[in-house]
Amino acid sequence: MIVITCSVCDRRTLLPLTMVHGLERRIDLAGHVLYELTYTCWCGAPGAKVVKGP
C-alpha cells in the first residue's frame with residue numbers, strides 16, 4: 001500500500017500496489033536513490049509519486 005494525494009480529486013488515500021503500474025529507479029545529484037511510481041487513483045486520474053529509496 002502507498003499513500004498518495006491525488007491532484008485531481010484532492011483526496012489523500014491508500015492505494016494497493018496493484019494500482020501502481022510503473023516503477024522507475026533514478027539517482028539524484030547527491031547520489032540518493034529515488035523511485036518514481038506511476039499509478040491510477042480511485043477517481044481514475046493518473047499520477048506519479050517520487051519515493052526516496054534505502
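A residue counts as buried here when its relative accessible area is under 20%, as exposed when that area is over 50%, and as partly exposed in between. With that yardstick, buried residues make up 24% of the 54 residues in the chain. The model is a predicted one, and everything below describes that prediction.

Start with the overall picture. The chain has five strands and zero helices, so to speak a β-β-β-β-β pattern when read along the sequence. Its C-alpha trace spans about 35 × 20 × 15 Å along the principal axes. About 3,900 Å² of the chain is exposed, and carbon and sulfur atoms supply 59% of that area. Looking at contacts with a separation of 6 or more, 21% of them link residues 24 or more positions apart.

The first two strands make a good place to begin the tour. Strand 1 (2-5) and strand 2 (12-15) run antiparallel and are joined by four bridges. One of the pairings puts I4 together with T13, its bridge partner in strand 2. What do the side chains along strand 1 do? They alternate: I2 and I4 point to one face and are buried, while V3 and T5 point to the other face and are not. That fits a general habit, since in a regular strand the side chains alternate between the two faces of the sheet.

T13 itself sits in strand 2. Is T13 buried or exposed? Its relative accessible area is 15%, and because the limit for buried is under 20%, T13 counts as buried. Setting aside residues up to four places away in sequence, T13 touches I2, V3, I4 and W42.

Strand 1 and strand 2 form a hairpin with six residues between the strands, and D10 lies in that loop. D10 has a phi near 60°, which is a positive value in a residue other than glycine. The relative accessibility of D10 is 63%, so D10 counts as exposed.

The next three strands belong together. Strands 3, 4 and 5 form an open sheet in the order 3-4-5, with antiparallel pairing. Strand 3 (20-27) and strand 5 (46-52) are the edge strands, each pairing on one side only. From one strand to the next, the twist averages 20°. Strand 3 and strand 4 (residues 33-40) pair over seven bridges in the antiparallel sense. Among the facing residues, E24 stands opposite E36 in strand 4, and I27 stands opposite V33 in strand 4. These two strands also form a hairpin, this one with five residues between them, and G31 in the turn has a positive phi of about 90°.

Now for the inside. Which residues make up the largest nonpolar core? The ten residues are I2, I4, C6, L15, M19, V20, L37, Y39, C41 and A45. Strand 1 and strand 4 each supply at least two residues of this core. More generally, nonpolar side chains tend to be buried together in soluble globular proteins.

C6, one of the core residues, deserves a closer look. The relative accessibility of C6 is 3%, so C6 counts as buried. Leaving out neighbours within four places in sequence, C6 is in contact with R11, C41, C43 and A45. With cysteines among those contacts, how many disulfides does the structure hold? The structure holds zero disulfides. For C6, the nearest cysteine sulfur is that of C9, which is 3.7 Å away, and C6 is in no disulfide. Why does C43 not bond to C6? The sulfur of C43 is 3.9 Å from that of C6, its closest cysteine sulfur, and that is too far for a bond because a disulfide needs sulfur atoms within 2.5 Å. C43 is partly exposed, with a relative accessible area of 39%, whereas C6 is buried.

Key
Residues are numbered from 1 along each chain as its sequence is written. This is a predicted model: local features need pLDDT of at least 70, side-chain atom pairs count only at pLDDT 80 or more; totals for chains, interfaces and linings use all residues. Side-chain values use heavy atoms; hydrogens and water are left out. Two strands pair if DSSP finds at least two bridges between them. Axes are lines fitted to C-alpha atoms, for helices over the stretch in contact, and angles run from 0 to 180 degrees between N-to-C directions. A nonpolar core is a set of buried Ala, Val, Leu, Ile, Met, Phe, Trp, Tyr and Cys residues joined through side-chain atoms within 4.5 Å. Buried means under 20% relative accessible area, exposed over 50%, partly exposed in between (1.4 Å probe, protein chains only). Contact means heavy atoms within 4.5 Å. Accessible areas come from the Shrake-Rupley method with a 1.4 Å probe; for residues, only the protein chains shown count as cover.
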